[in-house]
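Biologist: Could you show me the model? I have some questions about its helices, strands and loops.

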Amino acid sequence: MTPRTQIVVGLTSLALSAGLALVRDRLPEHTGNVITDAPRRLADVLLPRDSDVISSVVPNGATVAGMLGKHLLPESELSALVQAVTSNFDVRKLRAGNIYKIDRLFDGRIRSFEYEIDPTRALRASRREGDIAFAAEVVELPRTTTQVVVEGRIDRDAPSISESLERAGERLDLALAMADIFSGEIDFNSGLQPGDSYRLVVEKSVRDDGLFVGYGPVKAAEFVNDGRTLAAMRFAFPDGKAGYFDTDGRSLKRFFLKTPLKFEPRITSRFSRSRMHPVLKYARAHNGVDYGAPTGAPVVSVSNGTVSFAGWTNGGGRTVRVRHTSGYESEYMHLSAIAAGITPGTRVGQGDLLGLVGQTGLASGPHLHYGLRRNGQYVNPIAEHQNLPPGEPVPAVLKAAFDAERNTLFAAMRQPARALSANDE
Ligand SMILES: [Zn+2]
């Protein structure tokens with residue numbers, strides 16, 4: 001007896017649909033296709049069917065004709081389908097690993113074809129009974145967006161934030177979001193303690209067949225780290241710009257980022273008025289901090305400012321300097337590359353890419369030398385960053401709106417971790 005319904009889904013394609021390379025790395029090893037019942041088919045699986053749904057993934061280096069040809073479709077059907085797909089879709093955008101499905105009648109004719117462009121859109125080719133040509137169009141896949149509360153705990157079973165999120169059934173995206181929000185306050189690489197916990201409110205989009213699509217921005221978050229409670233909420237201004245604030249309405253965005261590198265980099269050499277230089281082998285001042293980082297890691301501006309220098313310096317190799325307000329100038333050395341458009345006079349925002357980590361100039365290995373000057377004098381960047389006052393408060397005219405939104409969000413956060421409300425998109 002022939003199976004009436006056969007759904008073949010590749011694990012890798014699920015990961016690619018999630019659109020997050022980091023999650024893909026965490027999936028179990030892909031050892032070929034598995035046969036499984038897709039959720040959307042469960043409801044009608046008992047009804048007599050007149051067709052098979054072939055579901056497969058786009059192979060590496062595939063052409064549309066080659067990919068569809070392996071399913072032994074009648075020649076006339078194959079050419080009609082290839083014609084419809086290639087004339088409605090830029091086939092160069094066909095991505096290896098993405099899912100496609102062919103609904104094939106038992107007499108060999110094709111009823112419909114669907115290719116998932118990304119988690120939210122599909123190319124769908126179908127035709128009415130009796131037609132020869134297919135009509136193809138890009139369709140939005142139905143999804144539901146719900147505000148959810150996520151809670152997690154750091155303990156022996158889940159010593160990292162990504163493991164605790166995985167246990168809560170959530171994704172690494174939220175760890176990256178929390179690292180961004182609390183970057184000045186919590187060291188997510190080595191500062192977490194057993195017993196730390198967090199709660200957050202976020203919108204989550206899930207496709208109607210159960211596939212995760214994505215999160216909206218985190219709306220509110222609370223993190224208990226080593227006994228202290230840090231809280232943050234997102235607040236949008238009338239002009240559409242949004243930022244994160246503490247519950248009193250002070251911006252979490254500091255004058256300086258904690259470091260010019262993403263996440264918490266390892267400090268390999270501290271600021272010093274006199275140290276033995278690792279290449280020159282004699283003592284001299286170390287006018288900055290060295291961060292160990294791989295070649296190619298992005299280096300960003302620690303604050304808003306104007307590029308004052310971009311080019312080669314003796315010893316510093318490829319170097320960028322940015323002038324900020326209050327007499328500050330930051331300095332980034334040994335870069336392997338300077339970002340396009342970073343030239344003297346260019347305005348840069350906090351967090352904008354300046355270049356990539358390298359080991360140009362006098363460097364014994366790839367690292368970033370980060371220096372900071374105040375009124376022309378080198379200062380210890382670590383101490384200087386810590387001494388600066390908290391960020392700007394919400395303007396007085398918006399404080400009432402801020403307080404109302406804070407009360408709503410933090411009340412929602414106190415609800416048990418589950419869906420709070422749903423609205424169809
Ligand atoms: Zn250095």
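What follows is a short exchange about one helix, one loop residue and some strands.

Biologist: Before we start, what kind of model is this?

Modeller: Local features are taken only where pLDDT is at least 70. Side-chain atom pairs count only at pLDDT 80 or more. The model is predicted.

Biologist: How far does helix α5 reach from its first C-alpha to its last?

Modeller: Helix α5 covers residues 75-88, which is 14 residues. At 1.5 Å a residue, the expected span is 20 Å. The helix comes close to that, reaching 20 Å.

Biologist: Which residues of α5 are buried, and what covers them?

Modeller: Buried here takes 20 or more other C-beta atoms within 10 Å. In α5 that holds for A80, L81, V82, A84 and V85. Their cover includes α4 (64-69), β5 (110-118), β6 (121-126) and β7 (135-140).

Biologist: Is P260 buried or exposed?

Modeller: P260 sits in the loop between β12 (242-245) and β13 (266-269). The cut-off for a buried residue is 20 other C-beta atoms within 10 Å. P260 has 28 of them within 10 Å, so P260 is buried.

Biologist: Which residues is P260 in contact with, leaving aside neighbours within four places in sequence?

Modeller: A contact needs C-beta atoms within 7 Å. By that test P260 has partners well along the chain: V299, V300, V302, Y332, L368 and Y370.

Biologist: How far apart are the C-alpha atoms of P260 and L353?

Modeller: Along the chain, P260 and L353 are 93 residues apart. In space, their C-alpha atoms are separated by 9.3 Å.

Biologist: Which are the edge strands of the open sheet β17-β23-β21?

Modeller: This sheet has 3 strands, with antiparallel pairing. An edge strand pairs on one side only. That picks out β17 (298-300) and β21 (337-338).

Biologist: Which residue of β23 stands opposite V299?

Modeller: β17 and β23 (residues 353-356) run antiparallel, joined by 3 bridges. Opposite V299 in β23 stands G355.

Biologist: How many bridges does β18 form with β19?

Modeller: β18 (residues 305-313) also has 2 bridges to β22 (residues 347-348), with G305 opposite V348. With β19 (residues 317-323) the pairing is antiparallel. One pair there is A310 with V320. The number of bridges between β18 and β19 is 7.

Biologist: Which residue in the turn between β18 and β19 has a positive phi?

Modeller: The two strands form a hairpin with 3 residues between them. The phi in question is about 85°. The residue is G315.

Methods
Residues numbered from 1 in each chain as written. Helix = DSSP H or I, 4+ residues; strand = E, 2+ residues; numbered from the N terminus. Expected span 1.5 Å × (residues − 1). Buried ≥ 20, exposed ≤ 12 C-beta atoms within 10 Å, placed from the backbone. Contact = placed C-beta atoms within 7 Å. Pairing = 2+ DSSP bridges.
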